[in-house]
Amino acid sequence: MSGAAPRLKEAVHTAVERRAEEIAALSDELMRRPEPGYAEHATAERFAAWLAEAGLRPRTGLARTGVKALLHGGAGPRVALVGELDALTLPEHPLADPATGAAHACGHHAQIAAIAGAAVGLGEVMAELDGSVALIAAPAEEPGDVDAMLDAGDAPAERPDRVEFPVGKAELLRQGAFDDVDMALLAHTGRGGGPRFSVGDTLNGSCVVRARFTGRSAHAGSSPWLGVNALKAATVAAHALDARRETFPDGDDVRLNYRITGDAGALGSVPSAAALRTMVRARSVDGLGRAAEAVARAARAGALALGARVEIDTLLAYLPLDSAPELDDVVARNAHPLIGADTIARGRHLGACTDMGDLAHVMPVSHPYSGGAEGDHHSTGYRVVDHRAAAVEPALYLAGAVVDLLGDGAREARRVLRASPPPLSIPQYLALRRGMNRREIREET
Ligand SMILES: [Zn+2]
Ligand SMILES: [Zn+2]
C-alpha cells in the first residue's frame, strides 16, 4: 500500500459517508422500480443522471440500455466498477411490476447505488491515482426470453439494436465496451442468513437446451395408434435425463433443471407438440459440454422411442466464474475493517451463475457478496432490507480497493495483471461462446 493510501481512503470515505443516505435511498428507489433485462430504461436514465450530476459524461444505450462513464486519473491501468441494471421475472414477488412481472429478487438495484456511491468518493482523489476508472451499468444479467433468442439465431445482424447474447456483459464485450478495461469489480448482495461478506467464490457456467418434439395428433380414445405422442417423447427424454444425473463426474457440479410444456390441445387428442427445456449448469466449460451432450442424447432417446421429430437447440448462457485471488485480496482487505473478520467467508463453490464469469475469461475480476438482504435469491421472499449493508458498504470497499490498486504508481494493479493474466482475448472468448451453440434436427419417424 502506498504511503498516501490512508489519506486518500479517508477522503474517499468522507465523501461517500456524506452522501450515504442518498446512496441508500437510490438503492431503495431502484428496488421499487424493477425492469426486465435489456429494457432497464428508467434505471439506466436514473444512474446516468446521478453521474451527470457528479460532473461525469455518461454514454448511454450500450447493448440497448448499458451506461458507461470514465473517471480520469493519471496514465495507468483502468479498473471497471460494474453494476447490473436488471430485475428478474418473478410476477408473484410482492414488489413485482404488475405490467412486466419484473422484481428485484436478486438485489441488482443495490449494485447500481454502490457504484454510484463509489463514483462520488473516487471523484475526490482521481487526480492522485495512476490509472482510471470505468463505471459500467450492464443490462440483462438474468437471461431473458431465451426462446426469442434461439429463434432469432439466424436473423439478419444489421439491426442496430440487435442483441446476439442472452446476457448483458457478453453483449457489452461483443460491442467493445470493455476493450479499454483491464480488470473489473462487482459487489452482489448475498443470500439472507449468509455471511455478511464473501469473496473468491466460484460459480457454475450454464446453457439452455431446448428440445422441441413434433408428433402426430389422433383421437386419443378411438385410434391412439394413429398418433405420435410428442408429450410422451418429452417425458421419456426427461426420464433418460434423470437416469444420467449420477453419471457426471464429481467436481463437475452439474445441475439440471427442466420444464416440460405440451400443446394446448384437447384432452381427448394425442398431443402432437411438446418441449423439454433444460437449464444445464456445470463448474467448467468441459463439464458444461459433457452435461449438454447428455441432455441432447436424452432428447434423441425420447424421439427414438416414440418415433417423433425433435429439434434440439443449445444456447450458452454464462461461462463459469473464477475470480482473481490477488484482486479478491485487495477487496477483502478493504471490506475487512468495515465488516469484521468473523462475518467473512472465502472461496465457496456456488451452483448459481453470473456473466461476471464471461468477463473473468478476458480480464481479472472480483465478485464479492455483501449483506443486507433477507430470503433466498430468486425467491419471492428475497429483498434488500438494509441498504447501508447492501449499497453503502460496497461503495466504501470498492472505492477503497481502487485506491489500493491505482495508488503508488498502480503497483498493485500491475501485480494483479501479472499474477492473473486473462485466459482468452476478447475475439477468442467470442469464438468460444459461439462455438458452444448448437442446432440439431432428428427425424426418428
Ligand atoms: Zn440472479
Ligand atoms: Zn444477481
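The following exchange goes through two zinc sites, one buried serine and one pocket in a predicted model.

Visitor: What makes Cys-106, Glu-142 and His-378 donors of the zinc ion (ligand 1)?

Guide: A donor is an N, O or S atom within 2.8 Å of the metal. Cys-106 (SG), Glu-142 (OE) and His-378 (NE2) lie 2.0 to 2.3 Å from the zinc ion (ligand 1), so they count as donors under that cut-off. Along the chain their spacing is C-x35-E-x235-H. Cys-106 sits in the loop between strand 5 (102-103) and helix 4 (108-122), while His-378 sits in the loop between strand 19 (373-374) and strand 20 (383-384); the two are 272 residues apart, and the pair links distant parts of the chain.

Visitor: Why is Cys-106 called buried, and what is His-378 called?

Guide: Buried means under 20% relative accessible area, and partly exposed runs from there up to 50%. Cys-106 has 9% and is therefore buried. His-378 has 38%, so the term for His-378 is partly exposed.

Visitor: Which residues are the protein donors of the zinc ion (ligand 2)?

Guide: They are Cys-106 (SG), His-108 (NE2) and His-188 (NE2), at 2.1 to 2.3 Å from the ion. The limit is 2.8 Å, so these atoms qualify. In sequence the donor residues are spaced C-x1-H-x79-H. Like Cys-106, His-108 is buried.

Visitor: How do you know that the two zinc sites are connected through Cys-106?

Guide: Cys-106 coordinates both the zinc ion (ligand 1) and the zinc ion (ligand 2), and the two ions are 3.1 Å apart.

Visitor: Why is Ser-27 called buried?

Guide: The relative accessible area of Ser-27 is 0%, and the term applies under 20%, so Ser-27 is buried. Ser-27 belongs to helix 2 (residues 20-31). Leaving aside neighbours within four places in sequence, Ser-27 is in contact with His-109, Ala-110, Ala-113, His-387 and Ala-391. Contact here means heavy atoms within 4.5 Å.

Visitor: What makes up the lining of the second largest pocket?

Guide: Among the lining residues are Cys-207, Gly-289, Glu-293, Arg-300, Thr-314, Met-436 and Arg-438. Helix 8 (285-306), strand 14 (309-318) and strand 21 (438-443) each supply at least two residues, and helix 8 gives the largest share, 5 residues. The space in this pocket is about 240 Å³.

Visitor: How do the lining residues of that pocket divide into nonpolar, polar and charged?

Guide: There are 5 nonpolar, 2 polar and 5 charged residues. Gly counts as polar, so Gly-289 of the lining falls in the polar group. Glu and Arg count as charged, so Glu-293 and Arg-300 are among the charged residues.

Notes
Residues are numbered from 1 along each chain as its sequence is written. Chains are lettered from A and ligands numbered from 1 in the order in which they are written. This is a predicted model: local features need pLDDT of at least 70, side-chain atom pairs count only at pLDDT 80 or more; totals for chains, interfaces and linings use all residues. Side-chain values use heavy atoms; hydrogens and water are left out. Donors are N, O and S atoms within 2.8 Å of the metal (3.2 Å for Na, K and Ca); water is not among the atoms, so sites may look incomplete. Buried means under 20% relative accessible area, exposed over 50%, partly exposed in between (1.4 Å probe, protein chains only). Helices (H or I, at least four residues) and strands (E, at least two) are DSSP runs, numbered from the N terminus. On a 1 Å grid over the protein atoms alone, a cavity is a set of points where a 1.4 Å probe fits but cannot get out, and a pocket is an open set with protein on both sides within 12 Å along at least five of seven lines; lining residues have an atom within 4 Å of a point. Grid points are joined across faces, edges and corners, and a volume is the space filled by probe spheres set on the points.
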